[in-house]
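Dear colleague,

I am handing over the structure we spoke about, and I would be glad if you could look through it alongside the notes below.

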Amino acid sequence: MEDYTFRLETAVALADSYEANPRNLEHPRYTIWHLFLLQIVLLANPRIHSANERTLLIHPQFCAWLSPEDSELFEEEDDDEIEDDGSGTEDEEEGAGDVSFASTIAVPKAPSVIVDFALIALSRSPFTARVLVLIECKCAPKRGLTDNLRRAKAVPLLKSAKVQAFKQVTYLFSNLSFSKWQTTVFLIATAGEYFSWAKVTRPTDSKPLTQLMWSPMHHLGHETIKAELSEMYEYICSEVQR
């Protein structure tokens, strides 16, 4: 844990650096959340049975596709509402094909969203793939502010991340093949080191998701994984072992 804390503090210092990140962009903070997921993988590894060929993978820029049957639900969606900032944007590139575990048929024009990070549980015998965690990142609040003011500035940034995360999990749950493997996903919305999370269960009555119960805003620290996110950690371990 000490090594994780050192690496986390170093990644935060790099992202906060005016020299390395003069425009305070979100991308330099991807290393922070990659470290977060990596620590979950390292903590979970002793509880993974290698004989069953199971593993956890960190998937940057994960693409979630709507199944063809559900595409019509989003036909009237306004493309202008989707931010073109590299996180959670639509990708309708010609010939994109089937690149997502959550896709059923290769459809080049199928609506899709790009998620900043996904944590995926894989089993090779038989082959199954379950998306356990989705992370949507936004830039950090302006630097040089007091802690209280910085927390206040993080609130609208987190709200934006939550909106995109809601769309991402809707796409994932709308795909019929996804429901074969699991019914639950953890979402993490971030603004720099500030984050909020929600446990989302796929509706069993075919009704769409309407509202998510988000946790209070937290600040990422070395006790985050085993304390604030203990439920997520236990869920991930159980999913990998089953």
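The notes below cover the sheet, the helices packed on it, the nonpolar cores and one serine.

This is a predicted model, in which local features need pLDDT of at least 70 and side-chain atom pairs count only at pLDDT 80 or more, while totals for chains, interfaces and linings use all residues. Residues are numbered from 1 along each chain as its sequence is written, and side-chain values use heavy atoms, with hydrogens and water left out.

Six strands (strands being DSSP E runs of at least two residues, helices H or I runs of at least four, numbered from the N terminus) form an open sheet of mixed pairing in the order β1-β2-β3-β4-β5-β6. Pairing requires at least two DSSP bridges between two strands, and β1 and β2 pair in the antiparallel sense over eleven bridges, with His 59 having Ala 118 in β2 as its bridge partner. Helix α2 packs on the sheet, touching (heavy atoms within 4.5 Å) β1, β2, β3, β4 and β5.

The largest nonpolar core (buried Ala, Val, Leu, Ile, Met, Phe, Trp, Tyr and Cys residues joined through side-chain atoms within 4.5 Å) has 34 residues, and Trp 33, Phe 36 and Ile 135 are among those that touch the most other members. The element giving the most to this core is α2, with ten residues.

Ser 112, found in strand β2, counts as buried (under 20% relative accessible area, 1.4 Å probe, protein chains only) because its relative accessibility is 0%.

Best regards

Key
Buried < 20%, exposed > 50% of the residue type's maximum accessible area, 1.4 Å probe, protein only. Axes fitted to C-alpha atoms, helices over the stretch in contact; angles between N-to-C directions.
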